[in-house]
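Colleague: I should be grateful for a close look at a single part of this model, with the terms explained as they arise. Please take the pockets together with the helices beside them.

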Amino acid sequence: TDINLHAKGHEEEGVAPTKSFLKRLTDSKSLLYSVCKLVKYHSMPGALIQQGSSIRAYKRLAAKLAPEISMRQIAMITLSDLRGRNALGSEPLDTGAEILDLFMSKVRGAKVEHGPEKPILLGRHLLGVVEPGAKMGKILEAAYRIQIDEGIQDVDELKRRVLR
């Protein structure tokens with residue numbers, strides 16, 4: 001931790017001790033997985049705002065968090081984290097609301113407030129062209145990345161792009 005109470009890399013480093021701690025408290029794999037996602041990504045809302053990230057970055061984050069965690073939940077965890085960093089005492093800070101508001105505004109703009117963007121290209125669109133299985137799964141993953149990164153919303157265009 002540096003003088004400004006920043007601990008670089010603590011998000012990823014915090015996952016293992018979180019998992020270990022929670023395993024002593026619960027057998028719920030769902031709870032364990034969800035809390036570990038919160039730990040791993042809790043700094044992302046602030047980072048996205050600070051970096052002036054594009055809408056596609058918000059869409060990618062929503063996809064990583066789903067289905068366990070909503071963008072609102074990660075925003076609230078970020079706010080709690082920001083308010084708990086009082087170097088001068090044990091009282092919570094009252095800062096961070098502006099970051100939360102801006103983050104949620106961007107989330108609404110990306111249309112991922114209630115979950116990630118739904119994939120446009122589905123397996124049924126590839127039947128007769130690609131056999132169902134691992135290869136089809138990789139093609140669909142690639143199509144979804146293109147959809148998110150380039151904003152393509154046309155099934156035929158996505159299909160054309162991933163099949164060439």
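Modeller: The account below takes the two pockets in turn, each with its neighbouring helices. The model is predicted, so local features need pLDDT of at least 70 and side-chain atom pairs count only at pLDDT 80 or more, while totals for chains, interfaces and linings use all residues. Residues are numbered from 1 along each chain as its sequence is written, and side-chain values use heavy atoms, with hydrogens and water left out.

The largest pocket has a volume of about 460 Å³. A pocket here is an open set of points on a 1 Å grid over the protein atoms alone, where a 1.4 Å probe fits, with protein on both sides within 12 Å along at least five of seven lines; lining residues have an atom within 4 Å of a point. The volume is the space filled by probe spheres set on the points, which are joined across faces, edges and corners. The lining comprises 18 residues, and His 6, Ser 43, Ala 47, Gln 50 and Arg 85 lie nearest the centre. By class, 5 are nonpolar, 9 polar and 4 charged; Ala, Val, Leu, Ile, Met, Phe, Trp, Tyr, Cys and Pro count as nonpolar, Asp, Glu, Lys and Arg as charged, and the others, Gly among them, as polar.

Helix H4 gives the largest share of this lining, 5 residues. Helices are DSSP runs (H or I, at least four residues), numbered from the N terminus. Within H4 (residues 44-51), Pro 45, Ala 47, Leu 48 and Ile 49 are buried, that is, under 20% relative accessible area with a 1.4 Å probe, protein chains only. Their cover includes helices H3 (29-41), H5, H6 (71-83) and H7 (97-110). Just after H4, Gly 52 adopts a positive phi of about 60°.

H5 leads to the second largest pocket, where H5 and H9 each supply at least two lining residues. This pocket has a volume of about 210 Å³, and H9 provides the largest share of its lining, 5 residues. The lining has 7 nonpolar, 1 polar and 4 charged residues.

The axes of H5 (residues 55-65) and H9 (residues 134-150) come within 8 Å and cross at roughly 140°; axes are lines fitted to C-alpha atoms over the stretch in contact, and angles run from 0 to 180 degrees between N-to-C directions. Arg 56, Lys 59, Arg 60 and Ala 63 of H5 meet Tyr 144, Ile 148 and Asp 149 of H9, contact meaning heavy atoms within 4.5 Å. These residues divide into 3 nonpolar, no polar and 4 charged. Arg 60, Ala 63, Tyr 144 and Ile 148 are also among the residues that line the second largest pocket.

Terms used:
Buried means under 20% relative accessible area, exposed over 50%, partly exposed in between (1.4 Å probe, protein chains only).
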